[in-house]
Amino acid sequence: MKKQDYIKRLVDSLLEEYIEGLPAIAIEGPKAVGKTETASRYANTIFSLDNERVRESLAADPELVNISEPPVLIDEWQYYPDIWNHIRRSVDAGASPGSFLLTGSSYPAGAKIHSGAGRIINVRMRPLSLQERGLAPPLISIKQCLSGTLPKHPVSTLEATEVDYIKEIMSSGFPGIRASSDSVRAQVIKSYLNNIAAVDFPDAGYNLRRPDSLYRWMTAYAAATGTTASYSKILDAATAGESKKPSKATSIAYRDMLRNLWILDDVEPWIPLGGEFKRLKQKPKHFLADPALAATLLGYDADSLRFGTDESSYDRKYGNVLGRLFESLVALSLKTYAQLNGARLGHFRTQNGDREVDFIIEKGRGIVAIEVKYSPSIGKNDIKHLAWLREKYGPRCKELIVVTAGPYAYRRKEDGILVVPAAMLGA
């Protein structure tokens with residue numbers, strides 16, 4: 001893979017702020033997302049714990065991290081979990097702001113570590129958002145939308161096309177994978193997925209007796225992208241035709257292990273204030289960490305996505321695969337934008353399913369409601385749930401947005417709803 005110049009990450013602004021005021025920060029996310037590259041830019045001392053000699057040195061004398069020049073980066077801390085507790089104790093003893101950075105790609109199974117609550121602040125790092133990929137200037141920001149300061153009549157165009165979004169889906173938001181050529185990239189993603197079972201699970205201390213069943217489970221999960229399908233349905237899809245199916249407990253174990261590896265990145269349901277207990281009856285919306293992983297698991301490339309070759313019954317039931325992968329690309333970006341604004345991202349669906357909105361970003365009492373549609377043409381059916389939400393929640397709705405793969409950003413005259421190309425939306 002080609003060595004690329006560093007792509008400044010949106011999460012950098014959070015890290016810069018936290019390093020000034022907090023003693024210990026843990027950067028979390030899947031492998032190859034860029035945690036080490038980003039964290040090393042702030043560190044004066046680095047302990048790489050995937051190196052056995054370094055690991056042995058710290059095990060012999062954990063105080064090395066306290067006498068080294070800060071910020072001290074503990075990279076891949078999960079290879080020596082006891083160091084987490086040592087850092088926590090150092091914080092309790094009065095470590096200065098900017099003392100420690102930790103990066104990790106999993107939570108080790110069975111490790112006896114303190115949660116770190118109140119001592120070690122967690123920062124989630126995801127694959128590159130569309131803003132970070134630089135397809136277009138982020139002229140319409142979530143920050144402005146949440147504050148109600150967005151211009152009333154934004155009209156802009158951009159050169160990104162539907163083909164560009166397909167390319168972005170397949171190129172992945174993992175910086176190192178993006179650096180590969182098109183022909184190599186597909187193989188790198190397949191290797192990444194295979195290594196989850198062959199390397200990542202064992203490294204994290206998980207015993208996986210049937211790696212092939214995990215791969216099928218991930219494929220079924222990828223097929224559920226953008227839906228709220230139950231885990232039992234996902235398991236049924238993963239084991240179709242098998243007389244002896246894994247138990248529900250096995251399915252839940254796969255889910256929990258993949259979450260610990262940051263491979264699953266669901267969007268939780270949004271429930272209006274005062275309805276917290278109702279949240280327990282709602283289902284999350286399923287997304288993998290990167291849409292390229294889902295597309296590869298499902299056997300797609302750019303050409304098959306573009307021309308829509310899939311005719312499976314699942315696709316007919318849950319909608320066009322390209323549309324759902326595009327929604328996954330938008331979801332990935334919205335998660336980062338919400339994080340930077342100290343906001344929460346959710347999806348909305350009434351219990352009887354008659355009303356639903358793809359995404360809602362909430363901060364304080366204000367909400368931004370977002371529908372995602374791959375097609376650039378917008379009709380009444382595309383905005384009816386947004387209009388209903390505004391009628392129900394009134395001034396709490398700071399903006400109503402339809403995100404598309406089209407070339408134009410504009411506000412609809414008839415209802416004031418904002419239509420935005422995905423590449424033009426930013427933090």
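1. Which residues does W217 touch, not counting residues up to four places away in sequence? In this predicted model, the list is Y231, I234, L235, A238, S251, Y254, R255, L258 and L264.

2. W217 also belongs to the largest nonpolar core, which has 95 residues. It is listed there with Y165, I196, L334, I361 and I370 as the residues with the most contacts inside this core. Helix α17, residues 321-340, gives the most to the core, contributing 10 residues. A second core of 17 residues is separate from it, and L49, W77, W84 and V91 are among its members.

3. The model has an open sheet of 5 strands, paired in parallel and ordered β2-β3-β4-β1-β5. The edges are formed by β2 (45-48) and β5 (121-124); each has a single partner strand, so one side of each is left without a neighbour in the sheet. On average, neighbouring strands are turned by 20° against each other, direction ignored.

4. At one edge, β2 pairs with strand β3 (residues 72-75) in the parallel sense, over 4 bridges. Within this part of the sheet, I46 stands opposite L73 in β3.

5. Two helices can be described against the sheet. Helix α1 (residues 11-21) lies across β1 (24-28), β4 (100-104) and β5, and runs at about 165° to β5. Helix α5 (residues 82-92) packs on the sheet as well, where it touches β1, β3, β4 and β5. The direction of α5 makes about 155° with that of β4.

6. The structure holds 10 aromatic pairs. One of them joins W270 and Y393: the ring centres are 5.8 Å apart and the planes stand at 75°, so the pair is edge-to-face. W270 lies in the loop between α13 (248-260) and α14 (291-297), while Y393 is in helix α18 (residues 380-393), so the pair ties together parts that are 123 residues apart in sequence.

7. Are W270 and Y393 buried or exposed? Both are buried. They are also part of a cluster, in which ring pairs link W270, F348, W388 and Y393.

8. Charged side chains are also placed over rings. The charged end of K392 sits over the ring of Y393, 5.8 Å from its centre. Elsewhere, K285 lies over the face of F359, at 5.0 Å from the ring centre.

Key:
Residues numbered from 1 in each chain as written. Predicted model: local features only at pLDDT ≥ 70, side-chain atom pairs only at ≥ 80, totals over all residues. Heavy atoms only, no water. Core = buried A, V, L, I, M, F, W, Y, C linked by side-chain atoms within 4.5 Å. Buried < 20%, exposed > 50% of the residue type's maximum accessible area, 1.4 Å probe, protein only. Contact = heavy atoms within 4.5 Å. Pairing = 2+ DSSP bridges. Axes fitted to C-alpha atoms, helices over the stretch in contact; angles between N-to-C directions. Phe/Tyr/Trp six-rings, centres within 6.5 Å; stacked < 30°, edge-to-face > 60°. Lys NZ or Arg CZ within 6 Å of the ring centre and 35° of its normal.
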